Amino acid sequence: MNSVRRAPLAVLIGPPGSGKTTVGTLLAEHLGVPFRDTDADIEATAGKPIGDIFVEDGEAHFRTLEAAAVSTALTEHTGILSVGGGAILNPATQALLATHTVIYLRVALDQAVKRVGLASARPLLVLNPRSQLRKLMEERRPLYESLATHTFPTDDRDPADLATEIATTLTNSGP
């Protein structure tokens, strides 16, 4: 009996502005597999944008939805999976990610600020976005690094070229 692979080819992690959605979409297209973003899953489940979940229900509720979305996607999805920048804060999620191929998209603060923008609608970046983004990146970097199977810097990189490089690495590293 053939076993059916029920795990993502790769899981993309990184801070806001690292390119998880952009690079992930291109990578999935390059590999001919589906792309899934757990932030989109959360919004579909809650029936409202993530910013509204934070404001109306609080960050704790959002993190509960996020942990469930990541857990579900890790068992259901077989393509490229992108998880929210803070998903790695949950110890249960960390344990789940330890059994997967995890791609950390590393970005410098100045590049992340350019990509996210200082007038961001991202809930954790509302007050003093540059300072908040720096704080988030510094706090989370050790977790991103410890969970990563492979790390790719995204600064000043063309997303399509980066997706091709990641695809080559995934193909050469095997299942």
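**An exposed loop residue and the helices around it**

Asp-156 is exposed, because its relative accessible area is 67%, and a residue counts as exposed when this value is over 50%. The structure described here is a predicted model, in which Asp-156 belongs to the loop that lies between strand 5 and helix 8. The backbone of Asp-156 has a phi near 55°, which is a positive value in a residue other than glycine.

The protein as a whole contains 8 helices and 5 strands, and from the N terminus on these elements follow the order β-α-β-α-α-α-β-α-β-α-α-β-α. Of its 175 residues, 43% count as buried, while the protein exposes about 8700 Å², with carbon and sulfur atoms supplying 53% of that area. Among the contacts in the protein with a separation of 6 or more, 74% are made by residues that are 24 or more positions apart.

On one side of the loop that holds Asp-156 is strand 5, which covers residues 150-153 and has side chains that alternate along its length. His-150 and Phe-152 point to one face and are buried, whereas Thr-151 and Pro-153 point to the other face and are not buried. Strand 5 runs parallel to strand 4, which is formed by residues 102-106, and the two strands are joined by 4 bridges. Within this pairing, His-150 of strand 5 stands opposite Ile-103.

On the other side of the loop is helix 8, formed by residues 159-173. A side-chain oxygen of Asp-158 lies 3.2 Å from the backbone nitrogen of Ala-160, and in this way Asp-158 caps the N-terminal end of the helix. The 15 residues of helix 8 should span 21 Å at 1.5 Å a residue, and this agrees with its end C-alpha atoms, which are 21 Å apart. The buried residues of helix 8 are Leu-162, Ala-163, Ile-166, Ala-167 and Leu-170. Seen down the axis of helix 8, these buried residues fall within an arc of 140°, and therefore they line one face of the helix. Such a pattern can be understood from the geometry of an α-helix, which has 3.6 residues a turn, so that residues three or four places apart point the same way. The buried residues of helix 8 pack against strand 1 (10-13), helix 1 (20-31), strand 3 (80-82), strand 4 and strand 5, while the exposed residues Thr-171 and Asn-172 are carried on the face turned away from the buried side.

A one-sided arrangement is also found in helix 3, which consists of residues 50-57 and in which Ile-50, Ile-53 and Phe-54 are buried. These residues cover an arc of only 100° around the axis, which puts them on the same side of helix 3. Val-55 and Glu-56, on the other side of helix 3, are exposed. The buried residues of helix 3 pack against helix 2 and helix 4 (59-76), and the helix itself is followed by Gly-58, whose phi is positive, near 95°.

Helix 2, which covers residues 38-46, includes Thr-38. Thr-38 counts as buried because its relative accessibility is 0%, and the limit for this class is under 20%. When residues up to four places away in sequence are not counted, Thr-38 touches Ala-69, Val-70, Ala-73, Leu-81, Ser-82, Val-83 and Gly-84.

Notes. Residues numbered from 1 in each chain as written. Predicted model: local features only at pLDDT ≥ 70, side-chain atom pairs only at ≥ 80, totals over all residues. Heavy atoms only, no water. Buried < 20%, exposed > 50% of the residue type's maximum accessible area, 1.4 Å probe, protein only. Pairing = 2+ DSSP bridges. Contact = heavy atoms within 4.5 Å. Areas by Shrake-Rupley, 256 points an atom, 1.4 Å probe, with all protein chains shown as cover. Expected span 1.5 Å × (residues − 1). Arc of directions from axis to C-beta. Polar contact = N/O pair within 3.5 Å; in protein donor to acceptor, adjacent residues only side chain to side chain.
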